[in-house]
Amino acid sequence: MILSSLAALPVSAQRRLSDDRDLIPIDLTSWDCVDKLDGSAKTQDGVERNRGKNRSMVDLSRFNIPDLDTVGFLRAVSQFDAQTKGKRRKDLSYAQKIQLAGIEREIVSFTGYLVLAYPGPPETTNCGSVDFHDWHMEVFEKPLDHPPTIGDPTPIICEITPRLQTMFYEQGIRMQDLAAFMRLPYEGHEPNGHPARKVRFTGYLLWDDDHNGTADIGPRIAEKMKNGYQKPWRSTAFEIHPVLKIEVLDAPPPVPMPAPAVSPKAEPPPAAAPLGTSAPAAPATPELPTTVTILKPIKVKIPYGETMLPAGTKVEVVARTAQSVTIRYLGQDMVVPLTATDLP
């Protein structure tokens, strides 16, 4: 829901996109839109669409949930898509509105490969907030070894909402671990260093009629725009929104093991304790993770000045103390507060 959403915003807002690089825990109590399920919509169709996007978590065990792949997903929505090409909610007949209401009550599971993920733009669903945004996930039938480009098939869109983001974060879900590529805020893509993971997304079906035109919908990408977006960029106006459950179905990519350090001189073995006594136990040292995630933006010094590490950035860990963490970024070691990271 990028292209027309941005076009509808003032010029000053069009340049404001979130710098988040991954899911982070967010405090909804500071968000004045949290109880506004209509968002800031001013039209009846906008209100209906936003209420669908802002639905809450439910007990999934109460539902008989179909498990679909790309072909099955498109087949399930094909009849409605064929009847409503180019239409918006306000254009639907009474019978089509009744049909859509039934479809949007459905919860489905959809399995595919997560090739691309990125924060969504400010939109009325979230009262135009930059910081409280949806996460967009472009899910393909087969993995791509490159960001989506001309000639590639178009994906199915799945979205995480701000109201459910912290739940997924606490479950250990990370976009950089699952997506092959992240879209950068304004232009270009960044590889995550591993293939697209095979993932099952479970959530509500939603018809995002804001994107029901030929510029957005088609079987293959035909045009690459200067800002890195593509046209068309989705297979159908139907998406899974909100996502309620995420299951990773393949094994994580292998992590290369560092070579063991070679000591120049072997240390002599410790002296044996006298008979009848026991040596004091050495204090346990917690294992240091290889990477850490930055939870809030933090300014650091780099060789050519200063830069801001955005929330969600993953960096290598060198050492830690009770109050700080030494990280390695751009080949330099630097100390940041422990509270700015996800280390306990």
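**Close-up 1. Helix α6 and the elements that cover it.** In this predicted model, the cover over the buried residues of α6 includes β3, β4 (156-160) and β10. Helix α6 runs over residues 162-170, and 7 of its 9 residues are buried, so it is largely enclosed by the rest of the structure. The buried positions in α6 are Pro162, Arg163, Leu164, Gln165, Thr166, Phe168 and Tyr169. After α6 comes Gly172, with a positive phi near 90°.

**Close-up 2. Helix α4 and its bend at Val77.** Helix α4 covers residues 70-83, 14 residues in all. With 1.5 Å a residue the expected span is 20 Å, and the C-alpha atoms at its ends are 20 Å apart, so the two values agree. The helix nevertheless bends by about 50° at Val77. Val77 is also one of the buried residues of α4, together with Thr70, Gly72, Phe73, Phe80 and Asp81. At the start of the helix, a side-chain oxygen of Asp69 comes to within 3.3 Å of the backbone nitrogen of Val71.

**Close-up 3. Phe73 and the nonpolar cores.** Phe73 belongs to the largest nonpolar core, which has 39 residues. Within this core, Phe73 is among the residues with the most contacts, along with Met137, Ile160, Met175, Phe201, Val243 and Ile246. Leaving aside residues up to four places away in sequence, Phe73 touches Leu68, Val108, Phe110, Ile156, Leu205, Thr236, Phe238, Glu239 and Ile240. A second core, separate from this one, has 14 residues, including Ile294, Val300, Val315 and Leu343.

**Close-up 4. Val292 in strand β11.** Val292 is part of β11, which spans residues 291-293. Its relative accessible area is 1%, so Val292 counts as buried, the cut-off being under 20%. Beyond residues up to four places away in sequence, Val292 touches Thr313, Lys314, Val315, Val317, Ile327, Thr341, Asp342 and Leu343. The C-alpha atoms of Val292 and Leu343 lie 6.9 Å apart, although 51 residues separate the two in sequence. Two of these partners, Val315 and Leu343, are members of the second nonpolar core.

**Close-up 5. Two cis peptide bonds before proline.** Most peptide bonds are trans. The bond from Lys231 to Pro232 is cis, with omega near -20°. Pro232 sits in the loop that joins β9 (230-231) to β10 (238-248). The bond from His241 to Pro242 is likewise cis, with omega near 5°. Pro242 is located within strand β10, a strand that also helps to cover the buried residues of α6.

**Close-up 6. Cys127 in the loop between β2 and β3.** Most residues other than glycine have a negative phi. Cys127 is not a glycine, yet its phi is positive, about 60°. The residue occupies the loop between β2 (107-119) and β3 (135-140). Cys127 has 26% relative accessibility and therefore counts as partly exposed.

**Overview. The whole protein chain.** The chain contains 7 helices and 16 strands. Of its 344 residues, 47% count as buried. Among contacts with a separation of 6 or more, 70% are between residues 24 or more positions apart. The accessible surface of the chain is about 18,100 Å², with 57% of it belonging to carbon and sulfur atoms.

Definitions and conventions:
Residues are numbered from 1 along each chain as its sequence is written. This is a predicted model: local features need pLDDT of at least 70, side-chain atom pairs count only at pLDDT 80 or more; totals for chains, interfaces and linings use all residues. Side-chain values use heavy atoms; hydrogens and water are left out. Helices (H or I, at least four residues) and strands (E, at least two) are DSSP runs, numbered from the N terminus. The expected span of a helix is 1.5 Å times one less than its number of residues. The bend at a residue is the angle between axes fitted to the seven residues ending there and the seven starting there. Buried means under 20% relative accessible area, exposed over 50%, partly exposed in between (1.4 Å probe, protein chains only). A polar contact is a pair of N or O atoms within 3.5 Å; within protein, one must be able to donate a hydrogen and the other to accept it, and residues adjacent in sequence count only if both atoms are side-chain atoms. Contact means heavy atoms within 4.5 Å. Accessible areas come from the Shrake-Rupley method with a 1.4 Å probe; for residues, only the protein chains shown count as cover. A nonpolar core is a set of buried Ala, Val, Leu, Ile, Met, Phe, Trp, Tyr and Cys residues joined through side-chain atoms within 4.5 Å.
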